[in-house]
Amino acid sequence: MFLGFVASVSCGNTAWSQETDASDETKVQSRPNFVLMIADDMNWDDCGAYGHPAIRTPNLDRLSSEGLRFKYAYLTTNSCSPSRASIITGRYPHNTGAEQLHWPIPAGSATFTSVLRGMGYYTAAAGKWHMGDFIRDHFDKVYEASTAGFVLPSGKDGEPPKMIAEQPSGCEDWERALEERDMSKPFCMWLAALDPHREYTDGALDPPHRAEDVIVPAHLPDTADVREDLRLYYDEIGRLDTYVGKVIAKLGEQGVADNTLVLFISDNGRPFPRDKTTLYDGGIRTPWIVRWPDRVAAGNTTDALVSSVDIAATFLELAQGDRESAAVAGFPSEGSSFARVLTDPAASHRDFAFAEDHWHDYEDHARCIVDQRFKLIRNDYLDLPPTPSADAGRGLSWQNMLKLESAGELTPEQKTCFRAPRPQWELFDLQRDPGELKNLIDNPAYASVVARMKSRLESWTAQTGDYIPSKRTPDEFDRVTGEPDHSVRVRPRRSKEETFGTNGKY
């Protein structure tokens, strides 16, 4: 048991607590706790810790200064619920049986939280659930913020439907989950925000960000509507940041902060055109910050490449420690533990990360392979434009872009979401072209890079049993207005097995 005392230290508007006087022997013998905080639709570099000069994130910035920041972290997919399914099962989306948006994780699936429970951990989930009903008993307790992410309510009085949650941030029960845990056990907390997912409304942050704070990326037009859309998005990131601070403060109050590994990530990128639901960095690259005072030196960064498919293997390895566990040994993870990087930031981890694009409101299918410099994308449905998600489609930015496209006022980079047919292959030099605006696939100077990455993508495809589906899933929304097509859309959405008769290849 921790026998030290708690000293309060202020950070922004949140008081963080620090522990002292715990013996080294106690720290070494005790199994680590885990807190996984998942933002909902947050771009990897939209916080101060990753260099954004205007978005106010004092708690994330401090989390980084007291921990380890990963410079090259990627998700296995660009879509909310499939990303969560991949993280919790430690498998690539095409092997989870839940690779399309709103498909539930199938019954009988193995999850790292279930394995941790079997090892004596207390496990709880708070905030956005989004994983179906079959794995609820993999947690001791679930505090679900809202079903709004799963069910699009009908609009009132002829107004367009909006996804408005009962708990706007989705983080409101994070502290409660920590307070109500079984204090006699090590714990694992799955804390999933709704911020900064759409829909956006004023009042998320006080004081709010200003239009002049906004930095408009080159793939979006710099207009008043786009700036307002981004400003509201910034505010929800700021609101999320306050809850990050509350969680760290609560861990300190409980005397467990030093031996708790806190990992902050996002489930996919920014909910704007050419970001979320694409395989560009705006869709699949994620913030990745680890704070664990007992083991992780403060204030470091690492160039080690990591993937969200690695989280399950890492947590289970650290929980197991020197003990042997048949449950851990039998866990069917397709990732690999990055535990070594935590104590040696100079260590390497992966040569490549892989990501997938599946149905998300609209039909699509693509794959990519990426390292610290290059990204290769393979588009499989060339006839379809990369239409943004329906929630982004109803937003100010896309509606403004539709008008500008009709008037011929978009730049070539801003027309990506309208482009059909698409190239089958795209190659980007992320160091020279971080915005991924110049496709180098036909540049002879990069022929060896293309050949190497195609070969590794083919090997990964064979090793993981990846495939191109034999049937396409119909669009459920209008690609222009973002409004639902009720002739196709049914809620709750049928599972993969109900739709295609299998949880595997179809």
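Begin by selecting Glu236: leaving out residues up to four places away in sequence, Glu236 touches Leu194, Asp195, Pro196, His197, Glu199, Tyr200 and Ala204. The model on screen is a predicted one. Glu236 sits in helix 6. Is Glu236 buried or exposed? Its relative accessibility is 4%, so Glu236 counts as buried.

**The core around helix 6**

Next, select helix 6 as a whole, residues 224–253, and show its side chains. This helix gives twelve residues to the largest nonpolar core, the largest share of that core. The core itself has 99 residues. Which residues have the most contacts inside it? Select Phe112, Trp190 and Trp288 to see them.

A second core stands separate from this one and holds 17 residues. To find the second core, select Phe354, Leu376, Leu427 and Val450, which are among its members.

**The whole chain**

Now clear the selection and zoom out. The secondary structure comes to 14 helices and 14 strands. Taken along the principal axes, the C-alpha atoms fill a box of roughly 65 × 50 × 45 Å. For 506 residues, a compact globule would have a radius of gyration near 23 Å, and the 22 Å of this protein agrees with that.

Colour by burial if the viewer allows it. Buried residues make up 61% of the 506 residues. Switch to a surface view: the protein exposes about 19,300 Å², and carbon and sulfur atoms supply 48% of that area.

Colour by charge next. There are 56 positive and 77 negative side chains. How far apart do the centres of the two sets lie? They lie 3 Å apart.

One more overall figure concerns contacts along the chain. Of the contacts with a separation of 6 or more, 74% are between residues 24 or more positions apart.

**Glu356 in strand 11**

Select strand 11, residues 353–357, and pick out Glu356 within it. Glu356 has a relative accessible area of 0%, so it is buried. Which residues is Glu356 in contact with, leaving aside its neighbours within four places in sequence? They are Thr76, Thr77, Asn78, Tyr92, Pro93, His94, Leu279, Ala366, Arg367 and Trp460. Add Arg378 to the selection: Arg378 is 22 residues from Glu356 in sequence, and their C-alpha atoms are 9.7 Å apart.

**Two arginines**

Go to helix 4 and select Arg117. Arg117 has a relative accessibility of 32%, so it counts as partly exposed. Not counting residues up to four places away in sequence, Arg117 touches Thr123, Asp137, His138, Phe139 and Asp140. Of these, take Phe139 for a distance: its C-alpha atom is 7.5 Å from that of Arg117, with 22 residues of separation along the chain.

Then move to helix 2 and select Arg62. At 12% relative accessibility, Arg62 counts as buried. Draw a line from Arg62 to Leu440: the two are 378 residues apart in sequence and 38 Å apart in space, C-alpha to C-alpha.

**Backbone details in the loops**

The remaining stops concern the backbone, so show it as sticks. Select Asp41, in the loop between strand 3 (33–39) and helix 2 (58–65). Asp41 has a positive phi of about 75° although it is not a glycine. With a relative accessible area of 0%, Asp41 is buried.

His102 is the next selection, in the loop between helix 3 (80–89) and helix 4 (112–118). His102 also is not a glycine, and its phi is positive at about 75°. Is His102 buried or exposed? Its relative accessibility is 6%, so His102 counts as buried.

Now look at two peptide bonds that lead into prolines. Select Asp206 and Pro207: a cis peptide bond joins them, and its omega is about 0°. Where is Pro207? Pro207 lies in the loop between strand 7 (187–192) and helix 6, the helix where Glu236 is placed.

For the last stop, select Arg491 and Pro492. The peptide bond from Arg491 to Pro492 is cis, with omega near 0°. Pro492 belongs to the loop between helix 13 (447–464) and helix 14 (496–500).

Notes: Residues are numbered from 1 along each chain as its sequence is written. This is a predicted model: local features need pLDDT of at least 70, side-chain atom pairs count only at pLDDT 80 or more; totals for chains, interfaces and linings use all residues. Side-chain values use heavy atoms; hydrogens and water are left out. A nonpolar core is a set of buried Ala, Val, Leu, Ile, Met, Phe, Trp, Tyr and Cys residues joined through side-chain atoms within 4.5 Å. Buried means under 20% relative accessible area, exposed over 50%, partly exposed in between (1.4 Å probe, protein chains only). Helices (H or I, at least four residues) and strands (E, at least two) are DSSP runs, numbered from the N terminus. The radius of gyration is taken over C-alpha atoms; the globule rule is 2.2 Å times the number of residues to the power 0.38. Contact means heavy atoms within 4.5 Å. Accessible areas come from the Shrake-Rupley method with a 1.4 Å probe; for residues, only the protein chains shown count as cover. Lys and Arg count as positive and Asp and Glu as negative; His and the chain ends are not counted. The place of a charge is taken as NZ of Lys, CZ of Arg, CG of Asp or CD of Glu.
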